[in-house]
Each structure stands twice: as C-alpha cells, then as structure tokens.
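Grab a pencil and work through these exercises with the structure open beside you. Try each task before you peek at the solution.

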Amino acid sequence: MTRIELYHQKPKHSPWKGLFPFIVLSMILTAGLFIGWYYYQNTIKIEAPSEEVGKKVVIHLPNGQKVYTYDHLIVKKDGKTYYKGDRNTIDLTGGTISFENWKEPE
C-alpha cells in the first residue's frame with residue numbers, strides 16, 4: 001500500500017449523489033413550464049372589433065328576390081346602390097329599401 005492510499009480517505013460513491021439533484025431540477029423545470037404555459041394561454045385574448053352595422057333592412061329587387069342586410073352595409077355611389085360586404089360587392093340598383101325587422105338565421 002502506498003502512502004497516498006494509506007493516509008488519504010477514499011471518497012464514498014453514492015448512486016443518489018448525481019441522480020437526486022437531476023430529479024429535483026427536472027421537477028422544478030417541468031412545474032415552471034406548466035405555469036408558464038398556463039399564464040401564456042390566459043393572456044391571449046382574441047376579440048373581434050365591434051362593428052356597428054345599423055338597422056335591419058330588406059331590399060326588394062325588381063326580379064322579385066329579397067336581400068336581407070343591415071343599413072350601414074348599403075352604399076350609394078354615382079346614383080347606384082351597392083351592398084358592400086366583407087368579401088363581395090353586389091349591385092342593388094333598382095331595388096326598394098324597406099326597414100323591416102327580420103330574424104337572423106341560427
């Protein structure tokens with residue numbers, strides 16, 4: 001036996017020495033991720049802007065069809081009447097506008 005082996009203590013090896021801090025750190029990290037995800041999901045709020053569409057109107061076209069719409073979606077330009085929707089524009093020239101309370105489709 002050498003002097004180093006004789007006078008110096010050998011360190012005791014424990015299987016929990018490296019595993020325990022790893023488990024604790026993993027649990028803290030996982031809890032932090034769940035709390036962060038929950039906070040992130042609750043801060044997202046999608047709200048559509050409120051649009052004032054006006055009174056309900058019915059437009060009776062010359063061919064007998066009816067168009068159910070709202071007052072602010074009707075645009076008069078150059079002597080013509082147009083329905084100006086989100087994605088399309090319809091020419092309603094020649095139709096008569098009457099303010100009627102119609103039911104919305106469910």
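**Exercise 1.** Work out what share of the contacts in the protein between residues at least 6 apart in sequence join residues at least 24 apart.

*Solution.* Start with the term: a contact means heavy atoms within 4.5 Å. Next, keep just the contacts between residues at least 6 apart in sequence; of these, 39% join residues at least 24 apart. A word on the ground rules: this is a predicted model, where local features need pLDDT of at least 70, side-chain atom pairs count only at pLDDT 80 or more, and totals for chains, interfaces and linings use all residues. Residues are numbered from 1 along each chain as its sequence is written, and side-chain values use heavy atoms, with hydrogens and water left out.

**Exercise 2.** List the secondary structure elements in order, then explain why the protein is more spread out than a compact globule.

*Solution.* Step one: helices (H or I, at least four residues) and strands (E, at least two) are DSSP runs, numbered from the N terminus. Step two: count them up, and you get two helices and six strands. Reading from the N terminus, the order is α-α-β-β-β-β-β-β. Step three: the radius of gyration is 37 Å, well over the 13 Å that the globule rule gives for 106 residues, so the protein is more spread out than a compact globule. Here the radius is taken over C-alpha atoms, and the rule is 2.2 Å times the number of residues to the power 0.38. Step four: along the principal axes, the C-alpha atoms fill a box of roughly 115 × 30 × 20 Å.

**Exercise 3.** Find the residues of the largest nonpolar core, and see what Leu 92 touches.

*Solution.* First, the cut-offs: buried means under 20% relative accessible area, exposed over 50%, and partly exposed in between (1.4 Å probe, protein chains only). A nonpolar core is a set of buried Ala, Val, Leu, Ile, Met, Phe, Trp, Tyr and Cys residues joined through side-chain atoms within 4.5 Å. Now the core itself: it has 10 residues, including Val 57, Ile 59, Tyr 83, Leu 92 and Trp 102. Its largest share, three residues, comes from strand S1 (residues 56-60). Finally, skip residues up to four places away in sequence, and Leu 92 touches Ile 59, Leu 61, Val 67, Thr 81, Tyr 82 and Tyr 83.

**Exercise 4.** Is Ile 4 buried or exposed?

*Solution.* Locate Ile 4 in helix H1 (residues 3-7). Its relative accessible area is 62%, so Ile 4 is exposed. Then look along the chain: Phe 22 is 18 residues apart from Ile 4, and their C-alpha atoms are separated by 33 Å.
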